[in-house]
Amino acid sequence: MDIILVIISALFIILGIIGSFLPVLPGPLTSWLGLLVLHLTDAIPMDKSFIIITLIIAIFIWILDYIIPAIGTKRFGGTKYGMVGTTLGLIVGLIAPIPGGIIIGPFVGALIGELLNNADSKTAFKAAFGSFIGFLTSTFIKFIVAIVYLGLFIGILWDYKNALFSF
């Protein structure tokens, strides 16, 4: 049974890394599920503080994923209209069945928000670019956390390899 749980755990870790780039899967939270499943094996003792700390980090990164594009918009001269547009564009980009909607949505949302605020096109494009940079930043952060969780997974497997794989 432990081997099956290790395989399921590894699948969650891999899905978490993929989810760092795909909007459908919350990357770090999915990787965290892999760590949780790994700790449910009989061979690996449950370390509640480890599980809680990694969960808090995963939730924090998941929340930041929705905030960082708006921060990027603001940093590049956007107004509240641009930040709201970024958030709405992100939601529409997630739902819309267009390729690259998660990338295009925040950019177009910030652009429309700034244009509705009577900003000139240069300012609107600058704010939209900030939204895109924010999206790239949040994707990079999610990827790094998912890779760290992969490293933790491998480290735990290595530490308990004799207990897990004693045939």
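**Reading a helical model, feature by feature**

Me: I can see that the buried residues of H2 pack against helix H1 (2-19), H3 and H6. How many residues of H2 are buried?

Reply: Good place to start, and please keep in mind that this is a predicted model. A residue is called buried when its relative accessible area is under 20%. By that cut-off, 11 of the 13 residues of H2 are buried, so the helix is mostly covered. They are Gly-27, Pro-28, Leu-29, Thr-30, Ser-31, Trp-32, Gly-34, Leu-35, Val-37, Leu-38 and His-39.

Me: How do I check the length of a helix such as H2? What span should its 13 residues have?

Reply: Take the rise of 1.5 Å a residue and compare the expected span with the distance between the end C-alpha atoms. For H2 (residues 27-39) the expected span is 18 Å and the end C-alpha atoms are 19 Å apart, which agrees. You can repeat this with H4 (residues 80-95): its 16 residues should span 22 Å, and the ends are 23 Å apart, which agrees again.

Me: Could we look at one residue of H2 in detail? What does Thr-30 touch?

Reply: Happily. Thr-30 sits in helix H2 and has a relative accessible area of 8%, so Thr-30 is buried. Setting aside residues up to four places away in sequence, Thr-30 touches Phe-12, Leu-15, Gly-16 and Leu-25. For a sense of distance, the C-alpha atoms of Thr-30 and Val-92 are separated by 23 Å, with their positions 62 residues apart along the chain.

Me: How do I tell which side of a helix faces inward? Which residues of H4 are buried?

Reply: The general idea is that an α-helix has 3.6 residues a turn, so residues three or four places apart point the same way. In H4, the buried residues are Gly-82, Gly-85, Thr-86, Gly-89, Leu-90 and Gly-93. They cover an arc of only 140° around the axis, which puts them on the same side of H4. On the other side of H4, Lys-80, Val-92 and Ile-95 are exposed.

Me: What covers the buried residues of H4?

Reply: The cover includes helix H3 (48-75), helix H5 (101-116) and helix H6 (121-159). Glu-114 is a residue of helix H5, and with a relative accessible area of 1% Glu-114 is buried. Beyond its neighbours within four places in sequence, Glu-114 is in contact with Gly-78, Thr-79, Tyr-81, Gly-82, Ala-119, Ala-124 and Ala-127.

Me: How do I find the nonpolar core? How many residues does the largest one have?

Reply: Look for buried nonpolar residues joined through side-chain atoms within 4.5 Å. The largest such core has 18 residues, and those with the most contacts inside it are Val-6, Leu-35, Leu-38, Tyr-149, Phe-153, Leu-157 and Leu-164. H1, H2, H3 and H6 each supply at least two residues of this core, and the largest share, 5 residues, comes from H6. To follow one member, select Leu-157: apart from residues up to four places away in sequence, it touches Val-6, Leu-38, Leu-164 and Phe-165.

Me: Is every residue worth checking in H6 nonpolar? Let me pick Thr-139: buried or exposed?

Reply: Thr-139, found in helix H6, counts as buried at 9% relative accessibility. Not counting residues up to four places away in sequence, Thr-139 touches Ser-20 and Phe-21.

Me: Now the aromatic rings. How many aromatic pairs are there?

Reply: Rings pair if their centres lie within 6.5 Å, and planes over 60 degrees apart count as edge-to-face. The count comes to 3 aromatic pairs. In one of them, the rings of Phe-76 and Phe-129 have centres 5.6 Å apart and planes at 75°, so the pair is edge-to-face. Phe-76 lies in the loop between H3 and H4 and Phe-129 in helix H6, so the pair ties together parts that are 53 residues apart in sequence. Phe-76 is partly exposed, with a relative accessible area of 25%, and Phe-129 is partly exposed at 41%.

Me: And how are the rings of Phe-107 and Phe-125 arranged?

Reply: Their centres are 6.4 Å apart and their planes are at 50°, so this pair is tilted. Phe-107 lies in helix H5 and Phe-125 in helix H6, so the pair ties together parts 18 residues apart in sequence. Both rings belong to partly exposed residues: Phe-107 has a relative accessible area of 26% and Phe-125 is at 46%.

Me: One last ring, then. What sits over the ring of Trp-158?

Reply: The charged end of Lys-161 does, 3.9 Å from the ring centre.

Key: Residues are numbered from 1 along each chain as its sequence is written. This is a predicted model: local features need pLDDT of at least 70, side-chain atom pairs count only at pLDDT 80 or more; totals for chains, interfaces and linings use all residues. Side-chain values use heavy atoms; hydrogens and water are left out. Helices (H or I, at least four residues) and strands (E, at least two) are DSSP runs, numbered from the N terminus. The expected span of a helix is 1.5 Å times one less than its number of residues. Buried means under 20% relative accessible area, exposed over 50%, partly exposed in between (1.4 Å probe, protein chains only). The arc is that of the directions from the helix axis to the C-beta atoms. Contact means heavy atoms within 4.5 Å. Rings of Phe, Tyr and Trp (its six-membered ring) pair if their centres lie within 6.5 Å; planes under 30 degrees apart count as stacked, over 60 as edge-to-face and the rest as tilted. A charge sits over a ring if NZ of Lys or CZ of Arg is within 6 Å of the ring centre and within 35 degrees of the ring normal.
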